[in-house]
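Here is a short tour of one protein model for someone who likes to see the cut-offs beside the numbers. Please keep the viewer open while you read.

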Amino acid sequence: MNSKQIRNSLLLVITAFIWGVAFVAQSTGGDRLGAFTFNGLRCLIGAIFLVPAIIFFDTLGVSKKPVTRQDKKNLYTGGFCCGVLLFIATTLQQLGITSGTEAGKAGFLSSCYILLVPVFGFFFKRKCGLNAWVSVGIAVAGLYFLCVQDSFALKAGDILLLMSAVGYALQIMAVDRFSPLCDGVRLSCLQFLTAGLIGMIPMLVVDVFYTMGGFRNWLALFMNAGAWIALLYAGVLSCGIAYTLQIIAQNGLNPTIASLIMSLESVFSVLAGSILLNEILSGRELFGCFLIFIAIVFAQIPFAGMRKGVTQDGRDD
């Protein structure tokens, strides 16, 4: 791995850490505000948070401003595509979490995108080596040991979480497609703006007028400090910072390798519970963490039998 790939891998580790802790915010925020309200507002908060960041980076002269018509087309198309896919994935995940699926099981099912990314990669001409496929299998086994404690049986909420994994896999592929062509912060901002604006439709129809029975009742939900803490964490840190780091870090990394690193969010969610909530890690959970770590390391080592002329990041020499 070159220095850029090492840096981007570390950025994805930070991303996974923020997302791992965010599972608590998603659970509490969704319960208090409603799945559509929480999801739509956190995306809009993420977009608003990034506006001053864009201005700041433009002032420093380190941003990649769209100049030509093609640059603008890439940015707007990428922001729309990534935003639609992000809305689908996060909404399905939020609905699955608020439906009562256990947090650990939710983390496992959502992280199944690591199985789908290399499959979708074939359609986008982003092949990966045999070691990456083996690593995916090891990581899935690790996620199972880490997250699933009881007997495994799929319920309605679990199906939603599996569908969200498909959405996340497609979002990762879209980011892989557009991140080299656009300014990462601008692309992230448009992604959240798109997801947030689309999220306003089910928020008004379902949460405001149907579930709560009116705007006044819905507005009363925000008179809770815990709801705001969860919303701001998910909006500023999970959306504004973590997803922006994902877009920046995926530039130059094979999406399969990136998805493996981002699957660390399940490890961090369990570790956060252990540290913040004094939960004791079982031997089964520690073994799962170990397998995921081994999978990520193993994915960086190319097999001698890999097709000649293909580098670790999947591009021809």
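## Salt bridges, a cavity and a patch

Arg 186 is buried, with a relative accessible area of 13%; here buried means under 20%, exposed over 50%, and partly exposed in between, with a 1.4 Å probe and protein chains only. The model is a predicted one, in which local features need pLDDT of at least 70 and side-chain atom pairs count only at pLDDT 80 or more, while totals for chains, interfaces and linings use all residues. Residues are numbered from 1 along each chain as its sequence is written, and side-chain values use heavy atoms, with hydrogens and water left out.

How many salt bridges does a search of the whole structure find? The search gives 2, counting a side-chain nitrogen of Lys or Arg within 4 Å of a carboxyl oxygen of Asp or Glu.

| Salt bridge | Closest N and O atoms |
|---|---|
| Arg 186 with Asp 58 | 2.6 Å |
| Arg 186 with Asp 183 | 3.5 Å |

Arg 186 sits in helix α8 (residues 184–211) and Asp 58 in helix α2 (residues 35–60), so this pair links parts 128 residues apart in sequence. Helices are DSSP runs (H or I, at least four residues), numbered from the N terminus. Asp 58 is partly exposed, at 21% relative accessible area, whereas Asp 183 is buried, as is Arg 186. Through shared partners, the salt bridges join Asp 58, Asp 183 and Arg 186 into one network.

Now for the empty space. There are 2 cavities of 30 Å³ or more, a cavity being a set of points on a 1 Å grid over the protein atoms alone where a 1.4 Å probe fits but cannot get out. The largest holds about 180 Å³, a volume being the space filled by probe spheres set on the points, which are joined across faces, edges and corners. Its lining has 17 residues, and those closest to the centre are Trp 19, Gln 93, Tyr 168, Tyr 243 and Glu 265; lining residues have an atom within 4 Å of a point. Two or more residues each come from α1 (3–33), α7 (156–178) and α10 (225–250), and α1 gives the most, with 4.

On the surface, Val 119, Phe 122, Phe 123, Phe 124, Leu 130, Trp 133 and Val 134 make a nonpolar patch of about 710 Å². Such patches take residues with over 30% relative accessible area and no salt bridge, with nonpolar side chains (Val, Leu, Ile, Met, Phe, Trp, Tyr) joined within 5 Å; areas follow the Shrake-Rupley method with a 1.4 Å probe. Helices α5 (113–123) and α6 (130–147) each give two or more residues to the patch. Trp 133, found in α6, counts as partly exposed at 33% relative accessibility.

Conventions:
1 Å grid on protein atoms, 1.4 Å probe; cavity = no way out; pocket = protein on both sides within 12 Å on 5 of 7 lines; lining within 4 Å. Patch = residues over 30% accessible without salt bridge, like charges linked within 9 Å, V, L, I, M, F, W, Y side chains within 5 Å.
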